[in-house]
Amino acid sequence: MFFASDPQKILKKQTGVTVGTFDGVHRGHVLVAESLRKACAERGLVPLVITFEPHPLAVVAPDRAPLLLEDPEERETRLKEIGVEVEVVGFNEKLRSLTVDEWFGILRRDYNAVFMLIGYDNSFGCDGKGKDMDYYIETGRRHGIEVMIADELEGVSSSMIRKAVAEGRMDDASRMLGRRYSVEGKVIHGRAVGRGLGFPTANVEIDRGRLMPPRGVYAADVETVDGRIYRSVVNIGKAPTFSDSIPLTLEAHLLGFNGNLYGENIKVNFIKKLRDEKKFANLDELIGAITDDVSNAVKIDHTDEFNSQPGHVG
């Protein structure tokens, strides 16, 4: 088998497949996966999403490889929640060199595919760039694979979400994702400055391969390992009031939380940027600003506005 090392993974049932990076599993991705599931249900097929690790650009053009919107485990979980099977393929030079015709041959032979849904702006195969969809439809037909083109969801893409996150526009990122943009990490020991100011914080270990919002103060909902959610004030920055040499940190003040989170993983679901990071003249000014941050974070409506949007998941 070309993609998987385990020959037992060859599917005995016929499948319908879609292929893509699916970084972030945004509303457009959800629409494709849901469309695949429905089309396969009509045809009596197993719906299968084939995706990649690492991101193809990490192999094709490492200098342009993006920071990720979610890790592979999160991506796989979100896709499976939609009701599709997932195959994560190791992207390498050998895979990169496959032609469109070779791709279809592998999908038919190794994955028993008889149906394929292609994203409206997607292409695959080293010779696929610039080819129109009729080319894919005809190539699939020659291999016994029915090809359909997915509907377009305008105004949503992974690159647009990255831009929104990088600019601190968390509401725009959330709208495109269909959920809050989130990062997850282990709580580690910090400088305990927040505790001394009356605002104890959880210092979260940052995944350097994950896209982080820019420096500033954010309202967020933080989920602990026991499933509880706490409205929070999150600071991403270098604490300029205290030092000019502190490394970038993510600190979350969980409102109403009492306990010890050291060593546990927490999930930070960003809601809105409250303000830029600022160097204050003294501690009284800093405490006053944090007090305002807490008040502003609490005022934000808790209603989940994403459930009614097309392409919503989880």
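Val25 sits in the loop between E1 and H1. Its phi is near 35 degrees, a positive value in a residue other than glycine. Helices (H or I, at least four residues) and strands (E, at least two) are DSSP runs, numbered from the N terminus. This is a predicted model, in which local features need pLDDT of at least 70 and side-chain atom pairs count only at pLDDT 80 or more, while totals for chains, interfaces and linings use all residues. Residues are numbered from 1 along each chain as its sequence is written, and side-chain values use heavy atoms, with hydrogens and water left out.

A second loop, between E2 and H2, holds Pro54. A cis peptide bond joins Glu53 to Pro54, with omega about 5 degrees.

**Pocket and cavities**

Rolling a probe the size of a water molecule over the atoms shows where empty space is left. Here the search uses a 1 Å grid over the protein atoms alone. A cavity is a set of points where a 1.4 Å probe fits but cannot get out. A pocket is an open set with protein on both sides within 12 Å along at least five of seven lines. Lining residues have an atom within 4 Å of a point. Grid points are joined across faces, edges and corners, and a volume is the space filled by probe spheres set on the points.

The largest pocket holds about 1,300 Å³ of space. Its lining has 40 residues. Gly20, Thr21, Asp121, Asn122 and Ser123 lie nearest the centre. Strand E1 (15-19) and helices H1 (27-43), H2 (57-60), H4 (93-96) and H7 (158-166) each supply at least two lining residues. H1 gives the most, with four.

The whole structure has three cavities of 30 Å³ or more. The second largest has a volume of about 70 Å³. Both partners of the cis bond, Glu53 and Pro54, help line this cavity, along with Thr21, Asp23, Phe52, His55, Leu68, Glu70, Asp71, Pro72 and Arg75. Strand E2 (46-53) and helix H3 (72-82) are the elements that give two or more residues to this lining.

**Helix pairs**

Two packed helices are described by the angle between their axes and the distance between the axes. Axes are lines fitted to C-alpha atoms, for helices over the stretch in contact, and angles run from 0 to 180 degrees between N-to-C directions. Contact means heavy atoms within 4.5 Å.

H7 and helix H8 (residues 170-177) pack at about 155 degrees, with their axes 7 Å apart. H7 is therefore roughly antiparallel (over 145 degrees) to H8. The crossing is left-handed, meaning that the near helix is turned anticlockwise from the far one by less than a right angle; clockwise is right-handed. Met160, Ile161, Ala164 and Val165 of H7 meet Met170, Asp172, Ala173, Met176 and Leu177 of H8.

Helices H5 (residues 100-111) and H6 (residues 133-142) cross at roughly 45 degrees, and their axes come within 9 Å. The two are therefore oblique, the class left once angles under 35, over 145 and from 65 to 115 degrees are set aside. H5 passes H6 in a right-handed crossing. Val100, Asp101 and Phe104 of H5 touch Tyr135, Tyr136, Thr139, Gly140 and Arg142 of H6.

**Residue classes**

Ala, Val, Leu, Ile, Met, Phe, Trp, Tyr, Cys and Pro count as nonpolar, Asp, Glu, Lys and Arg as charged, and the others, Gly among them, as polar.

| Site | Nonpolar | Polar | Charged |
|---|---|---|---|
| Largest pocket, lining | 17 residues | 15 residues | eight residues |
| Second largest cavity, lining | four residues | two residues | five residues |
| H7 with H8, contact | eight residues | no residues | one residue |
| H5 with H6, contact | four residues | two residues | two residues |
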